[in-house]
Amino acid sequence: MLDLNFVRENLETVKKVLENRNFPTESLEKFAELDAERRRIIGEADAVNQKRNSSSKEIGALMQAGKREEAEAKKAEVSSLKDNQSELETKREEAENAMRELLAGLPNIPADGVPVGADEAATVDIRKWGEPKEFDFEVKDHVDLGESLGILDQERAVKITGSRFAILNGAGARLERALVNFMLDVHTTEHGYTETLPPFLVNRKSLFGTNQLPKFEEDLFHIKDEREFALIPTAEVPVTNYHAEEILEAKDLPKYYTAYTPCFRSEAGSYGRDTRGLIRQHQFEKVELVKLTLPENSDEEHEKLTANAERILQLLGLPYRTVVLSTGDMGFGARKTYDIEVWLPSQNTYREISSCSNCGDFQARRMNLRFRRAGGAKPEFVHTLNGSGLAVGRTWIAILENYQQADGSIQIPEILQPYMNGLEKIESVK
RNA sequence: GGAGAUGUGGCUGAGUGGCUGAAAGCGGCAGUUUGCUAAAUUGUUGAGGAUCAAAAGUCCUCCACAGGUUCGAAUCCUGUCAUCUCCGCCA
């Protein structure tokens, strides 16, 4: 959420930013009016409350002095304020809700230097690592590989649940678990993150904090009862909200968390995309990285977080490139986002495997997550960052495709072998 | 799921209708004292908002949350949520 004062003082800038992000600007047309109205009503309501408070105090004094009649007269007077007062309180609530709603619907301001553009075409390559392997045979995709090896079963998942679900078996399931453990181990022992295992169901307040709500309700799976929980679409939600509504001490920052969780996304509006294989599922596994930092350090921490995610691909020997997303392609809450894309031989291209965002104070303001500098200074909002480190399902795909052999078997990267109980190769069980 | 108890500031903990945004203690911060540490001592110490160019000041709101009663609510009433104890059930 943007700061009210910032929007008031930079209305034109905000408008321009919205256009760069392909957002309609019409809500801003009402801003000035809404803002003035809100302040006028607050002033009025405060004045009435003040009148009531002071009169009530006088009544108390009169009662104690034994001046009953005067007190009664005063009571009647205050009573007559009541209608007006409750009406003003209602209006005040409406005005504040309207303003909150407007602000909650505005996306973050991109950082300086983020390429301006409408879509993916405007992303800019930052760096490449590794060389895509030359295969001297016709490469298969992960579906053909996985099914012929007997480690991937999509048909039965459809029977049990529906489309966009899959079952991993044997060495395939083990590979998924190995990747999770490997990633968590690297981030906790080499990169200084604290492992956390959060709830997989969250309430609406948390979803507001990390800006899934109010705008992206239809991307979530909702639990059908009065508690209104939703399945997490990413561990970013429970983990970033971990310290929501708290005031941390500056000396305790930065905080680094890493969490393994399943993620659930309805993928509404993506019906025709990536229908084959495991690229886009309703349920997938992810190891997430979350940082809470001082405002002045968030850019540097963002670079480090992205490097932490890239490190996993380097250790696994998977070629990738890192790009910076353009204004039109960035997520709602991000001020800057790096996507890391892994090489997929079957598609002869790089595909997203991680998205690392600096959200600045945008989410912290939504969840009222603050810190205090030494010496009793005013609380300030922390900066929040998050990134996948990595999407495990897509890493699984990349391992199969990049390490496939001519006979359809899969060579296990050396660093993963201890996590696979020493297994060097996944071969057909048939 | 059943029965009961509880929810006050960074913490402990007073407060059962007005002078309580909240005693007291601890902690924090600033000063004084002291050869240093420690101790002592004085002061200070919640958040959000309105007004204002800004600061100061003034005012409003907040004692789990949401409603209600009342001229007036931390205090009374209702609901919700959370925590604790006992029973049941389970992993």
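**Exercise 1. Determine how the residues of the surface near RNA strand B divide into nonpolar, polar and charged, and describe the contacts of that surface.**

*Step 1.* The surface near RNA strand B is made up of five nonpolar, seven polar and ten charged residues. In this classification Ala, Val, Leu, Ile, Met, Phe, Trp, Tyr, Cys and Pro are nonpolar, Asp, Glu, Lys and Arg are charged, and the others, Gly among them, are polar. The model is predicted: local features need pLDDT of at least 70 and side-chain atom pairs pLDDT 80 or more, whereas totals for chains, interfaces and linings use all residues. Residues are numbered from 1 along each chain as its sequence is written, chains are lettered from A and ligands numbered from 1 in the order in which they are written, and side-chain values use heavy atoms, without hydrogens and water.

*Step 2.* RNA strand B is surrounded by 22 residues, the closest being Asp 46, Ser 56, Gln 64, Val 78 and Arg 370. A residue is near the strand if one of its heavy atoms lies within 4 Å of it.

*Step 3.* Helix 4 (31-64), helix 5 (68-104) and strand 13 each contribute at least two residues to this surface. Helix 4 gives the largest share, 13 residues. Helices (H or I, at least four residues) and strands (E, at least two) are DSSP runs, numbered from the N terminus.

*Step 4.* Sugar or phosphate accounts for 68% of the atoms of RNA strand B within 4 Å of the protein, and bases for the rest. Three polar contacts may be listed, a polar contact being a pair of N or O atoms within 3.5 Å; within protein, one must be able to donate a hydrogen and the other to accept it, and residues adjacent in sequence count only if both atoms are side-chain atoms:
- Arg 38 places a polar side-chain atom 3.3 Å from a phosphate oxygen of RNA strand B.
- Asp 46 has a side-chain N or O atom 2.7 Å from a sugar or linking oxygen of RNA strand B.
- Arg 52 has a side-chain N or O atom 3.1 Å from a phosphate oxygen of RNA strand B.

**Exercise 2. Establish in which order eight strands form an open sheet, and trace the pairing of strand 8.**

*Step 1.* The order is 1-10-11-12-15-9-8-4, with mixed pairing. Two strands pair if DSSP finds at least two bridges between them.

*Step 2.* Strand 1 (124-129) and strand 4 are at the edges; each has a single partner strand, so one side of each lacks a neighbour in the sheet.

*Step 3.* Strand 8 runs parallel to strand 4 (residues 194-195), to which two bridges join it; Thr 194 is opposite Tyr 257. Strand 8 runs antiparallel to strand 9 (residues 283-293), with ten bridges between them, and Cys 263 has Phe 284 as its bridge partner.

*Step 4.* Strand 9 also pairs with strand 15, antiparallel, over seven bridges; here Leu 289 is the bridge partner of Gly 387.

*Step 5.* Eight of the ten residues of strand 8 (residues 255-264) are buried, that is, under 20% relative accessible area, with exposed meaning over 50% and partly exposed in between (1.4 Å probe, protein chains only).

**Exercise 3. Identify the strands of the open sheet with the order 7-13-14 that pair on one side only.**

*Step 1.* This sheet has three strands and mixed pairing. Its edge strands are strand 7 (247-249) and strand 14 (380-381).

*Step 2.* Strand 13 (residues 370-372) is joined to strand 14 by two bridges in the antiparallel sense. Arg 370 stands opposite Phe 381; Arg 370 is also among the residues closest to RNA strand B.

**Exercise 4. Describe the largest nonpolar core and explain why helix 13 is largely enclosed.**

*Step 1.* The core has 45 residues, of which Leu 175, Leu 179, Trp 396, Ile 399 and Leu 416 touch the most other members. A nonpolar core is a set of buried Ala, Val, Leu, Ile, Met, Phe, Trp, Tyr and Cys residues joined through side-chain atoms within 4.5 Å.

*Step 2.* Elements giving two or more residues to this core include helix 8 (171-189), helix 11 (298-316), strand 9, strand 15 (383-391) and helix 13 (392-402). Helix 8 provides the largest share, eight residues.

*Step 3.* Leu 416 is in contact (heavy atoms within 4.5 Å) with Leu 175, Ala 178, Leu 179, Phe 182, Leu 316 and Ile 399, leaving aside residues up to four places away in sequence.

*Step 4.* Helix 13 is largely enclosed by the rest of the structure because eleven of its eleven residues are buried. Among them are Arg 394, Trp 396, Ile 399 and Glu 401.
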